[in-house]
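Subject: Structure handover

Hello,

Here is the structure for you to take over. Please open it alongside this email; my notes follow below.

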Amino acid sequence: MSGCASNIADLRTNYVLPLHSCDGMMQRRSGKHEEEGVGGQCQQQLAGGRINNDDTQGSRSGARRRRLVAPSAEQRSPSARVAYICLSIMALTIVICIRSSKRPGWWTILALLAFPVLLALYVAVRGQHANEQLVAGAFVTSIIGNQLPRSVTALAAALAAAAFSLATRPVQTVSSTPAKDHNDDKNRARTSSDATGMQLKTKAVLSCIFMIAVLLHENFQIWVVSATYTPSHEPPYPEALQDNGRIVIRKLADMANLQRRDIQSLRDTFNVQWALVSSAVAGALVGCELKLGRASHRNMFAVAMRALLTLGIVRFVRTISFLLTVLPSQMPSCYRSHFPYPVPDTWNEWIMVGMKPAARGGCNDLIISGHATVTSVLACVGVSVADNAIFSVAVWSLLAFDYLVEVYQGYHYSVDMWMGA
């Protein structure tokens, strides 16, 4: 057997390459694999090695051929099939509405906006992970619930909150291991995790306090910039700046024969703002807390902390922006419909007016859009936790429409929405 082993080693060294080198095996297969003095057992071992190497080479070459062959129609991904189906339905709906309706433009835009909703619905039903389904399901549920009476949607929200509270209730676990050392290790691990959790919760609370302080400061500065821009207090009011984006949008609306009420009805139908709130709060944060799918490594307080910090920093940048450069409002007599006229003279009255919440917004706090900052942060939270490309396309498509409506109605300049997004 020692002679057989030495002969096998010589043959492998001189004639046969290692098994992972398929090209060398093919080149040296024509060489001599048998020598005089090698027994039948040695030949069987070599033959077995060649067979295994041939099988390995055949499987790898077959894999290469399979990669080179384009997938057939039956082998396409489900996402591609659903995209084809949605596009077909959308095209058929557009054709039917244009030929049969008195308002073809309205129905065409409605069909175009329904396509992202169908994509989000597909993710909610056929998503591969629970986090995708929950976030997309909350987004679609909010849009569908917007078509129902308020009492029904309020009941559904209350039931969802109750279900979340029951799913996240604390459960005490009793250890059955009597070993003292093992219990000490578990207690130390539990103490360290609790400390980390309290630290993260504290950061989230501090982030919330920071954002509230920024919003109070912004609210006061909105009054300051409006009160100090005296040309907007009485006629003749200053003319609005030329907004090329608004001009293009209004031209397209006129081509589609859409009135202001038609565009507002489309916006109210989808109500993207509350859909983003549902997907970010009822979907993303709840999914992180319940450790669903690929969001199992995310922490609800960490996500909330980052969102609040981002929103607070962006709102602070917005405040500095509209204080540095004052843009005239696109709405005439905006000041008199929002703030007291004439402007108060005493500091006490100034502070009291500035501390009142500007629920209806201001007049000259245009760049950057506060509406766009909030909705963009909510969209980022939802799509980051969902981690699905199809859902991301659906969310940002509907959000772009919401921004276009904001520009069309004259509440903001195009640059305000662009910078806010």
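**Overall picture**

Buried residues account for 35% of the 421 residues in the protein. Please keep in mind that this is a predicted model. The secondary structure comes to 17 helices and zero strands. Of the contacts with a separation of 6 or more, 78% are between residues 24 or more positions apart.

**The disulfide**

There is one disulfide in the structure. Cysteine 334 and cysteine 363 form it, with their sulfur atoms 2.2 Å apart. The torsion about the S-S bond is about -90°, so the disulfide is left-handed.

What does the pair tie together? Cysteine 334 sits in helix H13 (residues 334–338). Cysteine 363 sits in the loop between helix H14 (347–355) and helix H15 (370–386). The pair therefore ties together parts that are 29 residues apart in sequence.

Are these two cysteines buried or exposed? Cysteine 334 is buried, at a relative accessible area of 6%. Cysteine 363 is buried as well, at 3%. The cut-off for buried is under 20% relative accessible area. Two further cysteines are worth listing here. Cysteine 208 has 30% relative accessibility and counts as partly exposed. Cysteine 380, at 41%, also counts as partly exposed.

**Nonpolar cores**

The largest nonpolar core has 54 residues. Which residues have the most contacts inside it? They are Phe139, Ile143, Phe270, Leu276, Phe391, Val395 and Leu398. Several helices each supply at least two residues of this core. Among them are helix H5 (104–126), helix H6 (130–145), helix H9 (244–255) and helix H10 (260–270). Helix H11 (272–290), helix H12 (300–324), H15 and helix H16 (389–408) also belong on that list.

A second, separate core has twelve residues. It includes Val224, Val225, Cys334 and Cys363. Both cysteines of the disulfide are thus found in this second core.

Back to the largest core, and to Phe270, one of its residues with the most contacts. Leaving aside residues up to four places away in sequence, phenylalanine 270 touches Leu110, Leu113, Ala114, Val117, Ile143 and Asn146. Ile143 is itself on the list of residues with the most contacts inside the core.

**H15 against H16**

Two packed helices are described by the angle between their axes and the distance between the axes. For H15 and H16, the angle is about 170° and the axes are 10 Å apart. That makes H15 roughly antiparallel to H16; the cut-off for this is over 145 degrees.

Which residues make the contact?

- From H15: His371, Ala372, Thr375, Ser376, Ala379, Cys380, Gly382, Val383 and Ala386.
- From H16: Phe391, Ser392, Val395, Trp396, Leu399, Asp402, Tyr403 and Glu406.

By type, the residues of this contact divide into ten nonpolar, five polar and two charged. Cys380, on the H15 side, is the partly exposed cysteine at 41%. Phe391 and Val395, on the H16 side, are also among the residues with the most contacts in the largest core.

**Backbone points to check**

Most residues other than glycine have a negative phi, and most peptide bonds are trans. Four places in this model are worth a look.

- Proline 235 and proline 236 are joined by a cis peptide bond, with omega about 0°. Proline 236 lies in the loop between helix H8 (180–228) and H9.
- The peptide bond from isoleucine 367 to isoleucine 368 is cis, with omega near 10°. Isoleucine 368 is in the loop between H14 and H15. Cysteine 363 lies in that loop too.
- Asparagine 271 has a positive phi, near 45°. Its place is the loop between H10 and H11.
- Aspartate 387 has a positive phi, near 55°. It lies in the loop between H15 and H16. It is partly exposed, with a relative accessible area of 44%.

**Glutamine 133**

One last residue. Glutamine 133 is in helix H6 and counts as partly exposed, at 29% relative accessibility. Glutamine 133 and asparagine 388 are 255 residues apart in sequence, yet 9.8 Å apart in space, C-alpha to C-alpha. What does glutamine 133 touch, not counting residues up to four places away in sequence? Its contacts there are Val123, Ala124, Val125, Arg126 and Gly127.

Over to you.

Best regards

Definitions and conventions:
Residues are numbered from 1 along each chain as its sequence is written. This is a predicted model: local features need pLDDT of at least 70, side-chain atom pairs count only at pLDDT 80 or more; totals for chains, interfaces and linings use all residues. Side-chain values use heavy atoms; hydrogens and water are left out. A disulfide is a pair of cysteine sulfur atoms within 2.5 Å. Helices (H or I, at least four residues) and strands (E, at least two) are DSSP runs, numbered from the N terminus. Buried means under 20% relative accessible area, exposed over 50%, partly exposed in between (1.4 Å probe, protein chains only). A nonpolar core is a set of buried Ala, Val, Leu, Ile, Met, Phe, Trp, Tyr and Cys residues joined through side-chain atoms within 4.5 Å. Contact means heavy atoms within 4.5 Å. Axes are lines fitted to C-alpha atoms, for helices over the stretch in contact, and angles run from 0 to 180 degrees between N-to-C directions. Angles under 35 degrees count as roughly parallel, over 145 as roughly antiparallel, 65 to 115 as roughly perpendicular and the rest as oblique. Ala, Val, Leu, Ile, Met, Phe, Trp, Tyr, Cys and Pro count as nonpolar, Asp, Glu, Lys and Arg as charged, and the others, Gly among them, as polar.
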